[in-house]
Amino acid sequence: MSNETLLLNFFDTMSAKLGPSNWWPGESPFEVSVGAILTQNTNWNNVHKALLNLKNKDLLNPRKMFLLSENELAELIRPAGYFRIKAKRLKNLLHFLNDECGFNYSVLKNKTIDELRAKLLSVNGIGPETADSIILYALNKPSFVVDAYTKRIFNRHSLVHEDIDYHDLREFFMSRLPEDPGLYNEYHALLVLVGKKWCRKKTPLCPECPLHIYLD
DNA sequence: CACCAGGCAAGTA
DNA sequence: TACTTGCATGGT
């Protein structure tokens, strides 16, 4: 079976078992972008609390958040952990948005993925996963998001090396899947659900995992 | 109690 | 270049 077909079969199997995932229900591109920074190495439950703090003060709005001091912002996002450095990173994001599009996300949508990605990566505090999350989940453009679960699941199936870097793993998917943002969106979401449930660090083999049928 | 979650950057050698 | 450390809360 070709890798293209295999990847789509993986998707269909996960989708039948777990979908639809209702992944990342943000109300605006900006809210999704903020969430992308807050969730760095952090449980989404904690991120949700921080987002509620912001939402309750009507601060999930770039122009309003821009007026906050870094310390005020840090206190509001405290539940998300790493709150001081994340406040700085959110400020960096706000400066980027101001410079790049005047807080107007529709301007960003007119740029190519490669251009957007390079510019996002130049912001201190935005790495590859955060950049791709913003491009895919906030802007609905087909930039595949990979994470630790993605690597672990595909390595367990001997489809990628365990030391594969972010860029190569992303290319593994993007060179084999159609450029469909809806597919990329749900694919990443389902991989995280599968990873959490059946592919943790300590559990080597999981016969209950729906993807188990593809093991050799 | 230990472990770690939807990472990233900076420091060290 | 290759490895290590700091960042921090809250759920299990």
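Begin with chain A as a whole in this predicted model: a compact globule with 216 residues would have a radius of gyration near 17 Å, and chain A, at 18 Å, agrees with that. Turn the view along the principal axes, and the C-alpha atoms of chain A fill a box of roughly 55 × 35 × 30 Å. Buried residues account for 30% of the 216 residues in the chain, and of the contacts between residues at least 6 apart in sequence, 64% join residues at least 24 apart.

Next, switch to a cartoon display and follow chain A from the N terminus, where you will pass 12 helices and zero strands.

Now select helix α10, residues 148-156, together with helix α12, residues 181-198, whose axes come within 9 Å and cross at roughly 70 degrees; the two helices are therefore roughly perpendicular to each other. Show the side chains where they meet, with Tyr149, Thr150, Arg152 and Ile153 on the α10 side and Leu191, Val192, Val194 and Gly195 on the α12 side. By class, the residues of this contact between α10 and α12 are five nonpolar, two polar and one charged.

Finally, select DNA strand C and the residues that surround it, among them Asn41, Thr42, Asn43, Arg78, Tyr82 and Arg84. Colour α3 (44-56) and α6 (83-101) as well, since each of these helices supplies at least two residues of the surface near DNA strand C, with α6 giving the largest share, three residues. Coloured by class, the surface near DNA strand C shows four nonpolar, six polar and two charged residues.

Note on methods
Residues numbered from 1 in each chain as written. Chains lettered and ligands numbered in written order. Predicted model: local features only at pLDDT ≥ 70, side-chain atom pairs only at ≥ 80, totals over all residues. Axes fitted to C-alpha atoms, helices over the stretch in contact; angles between N-to-C directions. Helix = DSSP H or I, 4+ residues; strand = E, 2+ residues; numbered from the N terminus. Parallel < 35°, antiparallel > 145°, perpendicular 65-115°, else oblique. Contact = placed C-beta atoms within 7 Å. Nonpolar A, V, L, I, M, F, W, Y, C, P; charged D, E, K, R; others polar. Near = placed C-beta within 6 Å. Rg over C-alpha atoms; globule rule 2.2 N^0.38 Å. Buried ≥ 20, exposed ≤ 12 C-beta atoms within 10 Å, placed from the backbone.
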